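Grab a coffee and load the model into your favourite viewer. Below are some exercises, each with a solution worked through in steps.

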Amino acid sequence: MTDLYDLYRNDSPAGQGTKDWAVKVTAANELTVMFGKTGSKLRTRVLKLNPGTDARSELIQRSSQKLSEGYSLIGKARIDDKGNVTLAQDIEQATWSLSELDEVEVETALKSLVDDIVEYSFDTGFNMLPISAEYDANLKGAIISCDGLLPTGGWQIARDAGLSFLSGGKVMGGGKIDYSLQLLLLVGLSKKLPDGSVTAVASKGQTDRDLMPSKRGLPADFVEGLELPRSYVREVAQAIGIIAKPVQILSQEAVSTPTAICF
């Protein structure tokens with residue numbers, strides 16, 4: 001799955017043709033900007049931000065500046081490494097869904113997902129980008145935040161933001177997948193619910209493509225599709241129980257001879 005750019009376009013009144021400007025936040029909390037004449041291969045500029053600067057806020061500020069300069073927001077677009085632009089209506093749209101389950105079962109799974117993130121953050125800390133999570137009892141759901149990799153304010157799997165609560169204590173859900181990290185978190189959630197409860201597909205026209213990994217763990221092609229740093233994917237996957245955490249091996253000096261071994 002590819003994270004998309006916000007694409008802006010300016011129709012020059014001086015007869016110089018239209019110009020494109022596109023921007024997105026990277027996994028390293030930087031801004032990638034693409035610019036050039038419409039229809040040409042856009043050039044790239046990576047903007048490294050000062051420590052402590054929120055990349056999402058910087059994106060909003062720079063986008064507002066372009067609007068004041070006469071640019072108009074076209075929408076989402078994918079731009080490859082060579083600067084070729086594909087508009088959102090011409091690419092796959094990714095969505096997820098949660099089959100009808102008992103409310104308590106979903107609540108337990110979401111709380112477990114939140115607890116995993118909080119525990120990992122407390123015990124180990126995320127080396128690349130920190131993730132924070134909380135369970136909101138009023139919204140009956142989880143709110144997971146990660147600057148640059150999720151929407152401002154975090155991704156909600158909560159009442160009226162993905163989850164629909166039905167009569168008889170049942171709940172179902174679904175929504176769009178706009179960020180690679182969302183898909184990775186959905187895989188973690190699926191491990192805490194009955195098999196097949198959580199699905200994710202990419203649709204284009206009448207064609208659907210399954211986005212969920214078909215094997216245990218994280219197949220290489222799934223990780224490549226996320227377009228996140230491999231080390232970061234591994235770190236998050238360990239935190240939320242998709243893959244096992246590494247076992248720390250004590251040195252021989254640190255190991256005492258046990259008097260009994262219990263199973």
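**Exercise 1: one end of a helix**

Leaving aside neighbours within four places in sequence, Ser 190 is in contact with Val 198 and Met 212. Keep in mind that this is a predicted model. Task: find which helix holds Ser 190, and decide whether Ser 190 counts as buried or exposed.

*Solution.*
- Step 1: locate the residue. Ser 190 sits in helix α3.
- Step 2: check its accessibility. The relative value for Ser 190 is 15%. The cut-off for buried is under 20%, so Ser 190 counts as buried.
- Step 3: look at the rest of the helix. α3 covers residues 180-190, and eleven of its eleven residues are buried. Among them are Ser 180, Gln 182 and Gly 188, along with Leu 181 and Leu 184.

**Exercise 2: the nonpolar cores**

Task: work out which residues touch the most other members of the largest nonpolar core, then list what Leu 184 is in contact with once neighbours within four places in sequence are set aside.

*Solution.*
- Step 1: start with the core itself. The largest nonpolar core has 52 residues, and the ones touching the most other members are Ile 131, Leu 181 and Leu 184.
- Step 2: zoom in on Leu 184. With neighbours within four places left out, Leu 184 is in contact with Leu 218, Phe 222, Leu 226, Val 233, Val 236, Ile 240 and Ile 242.
- Step 3: don't stop at one core. There's a second, separate core of eleven residues, including Tyr 8, Val 23, Ala 55 and Tyr 71.

**Exercise 3: following the strands**

Task: start at β1 and say which strands it pairs with, then carry on from β2 to find what comes next.

*Solution.*
- Step 1: see how covered β1 is. This strand spans residues 5-11, and five of its seven residues are buried, so β1 is largely enclosed by the rest of the structure.
- Step 2: take one partner of β1. Strand β5 (residues 72-79) pairs with β1 in the antiparallel sense over five bridges. For a concrete pair, look at Asp 6, whose bridge partner in β5 is Lys 76.
- Step 3: take another partner. β1 and strand β2 (residues 18-25) run antiparallel, joined by six bridges. Here Arg 9 has Asp 20 of β2 as its bridge partner.
- Step 4: move on from β2. Seven bridges link β2 with β3, again antiparallel, and the β3 bridge partner of Lys 24 is Thr 32.
- Step 5: check β3. Residues 31-37 make up this strand, which is mostly covered, with six of its seven residues buried.
- Step 6: finish at β4. Strand β4 (residues 43-47) runs antiparallel to β3, with five bridges between them; Phe 35 finds its β4 bridge partner in Arg 43. β3 and β4 form a hairpin with five residues between them, and Gly 39 in the turn has a positive phi of about 90°.

**Exercise 4: a hole in the model**

Task: find the volume of the second largest cavity and say which element gives the largest share of its lining.

*Solution.*
- Step 1: count the candidates. The structure holds two cavities of 30 Å³ or more.
- Step 2: get the volume. For the second largest cavity, that's about 40 Å³.
- Step 3: list the lining. It's made of Glu 103, Val 106, Glu 107, Leu 110, Tyr 135, Lys 140, Leu 163, Phe 165 and Val 171.
- Step 4: assign the elements. α2 (103-123) and β11 (162-165) each supply at least two lining residues, and α2 gives the largest share, four residues.
- Step 5: sort by class. The lining has six nonpolar and three charged residues, and no polar ones.

**Exercise 5: a residue on β8**

Task: for Glu 134, find the relative accessible area and the contacts beyond four places in sequence.

*Solution.*
- Step 1: place the residue. Glu 134 belongs to strand β8 (residues 132-136).
- Step 2: read off the area. At 44% relative accessible area, Glu 134 is partly exposed.
- Step 3: collect the contacts. Leaving aside neighbours within four places in sequence, they are Val 114, Gly 141, Ala 142 and Ile 143.
- Step 4: try a distance. Glu 134 and Gln 156 are 22 residues apart along the chain, and their C-alpha atoms are separated by 9.9 Å.

Methods. Residues numbered from 1 in each chain as written. Predicted model: local features only at pLDDT ≥ 70, side-chain atom pairs only at ≥ 80, totals over all residues. Heavy atoms only, no water. Core = buried A, V, L, I, M, F, W, Y, C linked by side-chain atoms within 4.5 Å. Buried < 20%, exposed > 50% of the residue type's maximum accessible area, 1.4 Å probe, protein only. Contact = heavy atoms within 4.5 Å. 1 Å grid on protein atoms, 1.4 Å probe; cavity = no way out; pocket = protein on both sides within 12 Å on 5 of 7 lines; lining within 4 Å. Points joined across faces, edges and corners; volume = space filled by probe spheres on them. Nonpolar A, V, L, I, M, F, W, Y, C, P; charged D, E, K, R; others polar. Pairing = 2+ DSSP bridges.
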